[in-house]
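Please open the model in a viewer and keep the selection tool at hand. The tour proceeds by selections, each followed by a description of what is to be found there.

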Number of protein chains: 2
Amino acid sequence: MHDPQQLRLAIRNGEWTSPTINAMPGYVLCNLVVVPRAYALDFCIYCQRNPKPCPVIEILDPGDPEPKYAAPGADVRTDLPRYNVYRDGTLAEQVTDIRQYWHDECMAFLIGSGITFDAASARAGAPRPANVPVVTTAMQTAPAGPFRGPVAATMRVFTPAQAIIATQLTARFYFNHGAPIHIGDPALIGADLAHPLAGQPITQIPDGLLPVFWACGVTPQLAAEAARLPLMITHTPGHGFVTDLLADRLCLP
Amino acid sequence: MHDPQQLRLAIRNGEWTSPTINAMPGYVLCNLVVVPRAYALDFCIYCQRNPKPCPVIEILDPGDPEPKYAAPGADVRTDLPRYNVYRDGTLAEQVTDIRQYWHDECMAFLIGSGITFDAASARAGAPRPANVPVVTTAMQTAPAGPFRGPVAATMRVFTPAQAIIATQLTARFYFNHGAPIHIGDPALIGADLAHPLAGQPITQIPDGLLPVFWACGVTPQLAAEAARLPLMITHTPGHGFVTDLLADRLCLP
């Protein structure tokens, strides 16, 4: 695959079915959240109030599946390899195409993902650890309408020097969760590393290393689940939407 | 005045009636836009699509006049010295209190202002010129619903060295229009310096100096006027809302 257009076409045609997480480094990878229009204003406000976990890269027009800004010509109903369909806040199905669920009142949000900064961080000397657990924390988001809940975080274990590099580097990626939300003792933010939502459990941080936490795109998904929307569709973890946006350009405000 | 709370109280009590533009350096100054709830989703999307002219700092709950994030305890109906009230897109009144217009379907947006970065820029060696005209340009915003129109810009004339300082410095201020949108020949962006919306006309740029343009908070106001909303309320230019947010903190993502 040479470019995002080619990758999205292969996904649309069923030729690419695996995760997109490392498929196209250098291009911005997005989380997808589709909500009914009736919930869209509250969801907008929720994202605005919680920019670190919910950095909105594009809001598509009601009923419009084409991300005209992030990937003109693409279709968010077919161009992700796998989707989670939630009904009343519960995961109902996993599918590879959401055209059957789509209607004029569907609104799609593309939300920045931390995956994007990992490559840049690695180039500067803080490579992505093999295990990046996603955990819930005791930190609460600012609520809006029915949307509320904890901040979910990704955790990376670094040497102190790498932690400083990663803090500086990710601070530039405003649309990809920005700087860390915490460095050091997981208990101070109530992070449950023994029971991650994804990734491998961690029971002990090796001496001399620091756990560093970033806000995570799972946060809005938890909030939307808790709000028990009649219908909500997201990407399946690891299977985000690959945009045409250059990661090194998007971070220049 | 020692702090923003004291200043807002003086404004509320009618003791402070002059512009707030330089009243409290170091604290984030915001533009205010109040729209009916029926237009709020489209206005949210408009701001999201145009983050340089419309960086949203806070969206208040429908009917709620208290900016719980930017200035807990404040009241956007009374804590600005002067407001513009538009009806069907036309300026109808200027008032010092908007409680008479306020109802449960009013939604207030606080939008970052370039004033905030001027002090930081000056500390780094690029002082604010005496005349900062606001102009329309030929650059168009990305539309959303009824909101559309040109990008308005502020123009500052700098030496090349100052222009470089100001570019780097303002790039850090994501919520205050960020980096410039243009440097150099005004004609390239269709900027009409001879007929500014505010400030003094400029007919010639002195040799050796560069005009530098930043997206301006007048942009969403122009869009809302063009959309002919039945009711829209903004701050009167120069009379923005002073928040409790530290400018040097808000720019850290």
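The stops below concern a predicted model, beginning with the contact between its chains and continuing with a sheet in each chain.

**The interface**

Begin by colouring chain A and chain B separately and selecting the residues at which they touch. The contact comprises 21 residues from chain A and 20 residues from chain B. Between the two chains an area of about 1800 Å² is buried, and carbon and sulfur atoms account for 62% of this area.

Next, display the side chains at this boundary. How many salt bridges does the rule find across the interface of chain B and chain A? There are two. One of the pairs to select is R49(B) with D61(A), a salt bridge in which the closest N and O atoms lie 3.1 Å apart. Polar contacts may be added to the view: ten residue pairs across the interface, both residues at pLDDT 80 or more, are found by the rule.

Now restrict the selection to the side of chain B that touches chain A. The elements giving two or more residues to this side are α2 (40-49) and β2 (56-59) of chain B. The most is given by α2(B), with six residues. Coloured by class, this side of chain B shows 14 nonpolar residues, five charged residues and one polar residue.

**The sheet of chain B**

Move to the four strands of chain B that form an open, antiparallel sheet in the order β6-β7-β9-β8. The edges are β6 (134-140) and β8 (182-183) of chain B, each of which pairs on one side only. Select β8(B) together with β9 (residues 210-215) of chain B: the two run antiparallel and are joined by two bridges. Within this pairing, I183(B) stands opposite V212(B) of β9(B).

Then add helix α4 (residues 160-171) of chain B, which lies across β7 (150-158), β8 and β9 of that chain and runs at about 15° to β9(B).

**The sheet of chain A**

Finally, select the four strands of chain A that form an open sheet in the order β6-β7-β9-β8, with antiparallel pairing. Here β6 (134-140) and β8 (182-183) of chain A each have a single partner strand, so one side of each edge strand has no neighbour in the sheet.

Select β7 (residues 150-158) and β9 (residues 210-215) of chain A, which pair in the antiparallel sense over six bridges. Within β9(A), V212(A) is the bridge partner of R156(A).

The last selection is helix α5 (residues 218-226) of chain A, which packs on the sheet and touches β6 and β7 of chain A. The direction of α5(A) makes about 155° with that of β7(A).

Terms used: Residues are numbered from 1 along each chain as its sequence is written. Chains are lettered from A and ligands numbered from 1 in the order in which they are written. This is a predicted model: local features need pLDDT of at least 70, side-chain atom pairs count only at pLDDT 80 or more; totals for chains, interfaces and linings use all residues. Side-chain values use heavy atoms; hydrogens and water are left out. Contact means heavy atoms within 4.5 Å. Buried area is the accessible area (1.4 Å probe) that two parts lose on being put together, summed over both. A salt bridge is a side-chain nitrogen of Lys or Arg within 4 Å of a carboxyl oxygen of Asp or Glu. A polar contact is a pair of N or O atoms within 3.5 Å; within protein, one must be able to donate a hydrogen and the other to accept it, and residues adjacent in sequence count only if both atoms are side-chain atoms. Ala, Val, Leu, Ile, Met, Phe, Trp, Tyr, Cys and Pro count as nonpolar, Asp, Glu, Lys and Arg as charged, and the others, Gly among them, as polar. Two strands pair if DSSP finds at least two bridges between them. Axes are lines fitted to C-alpha atoms, for helices over the stretch in contact, and angles run from 0 to 180 degrees between N-to-C directions.
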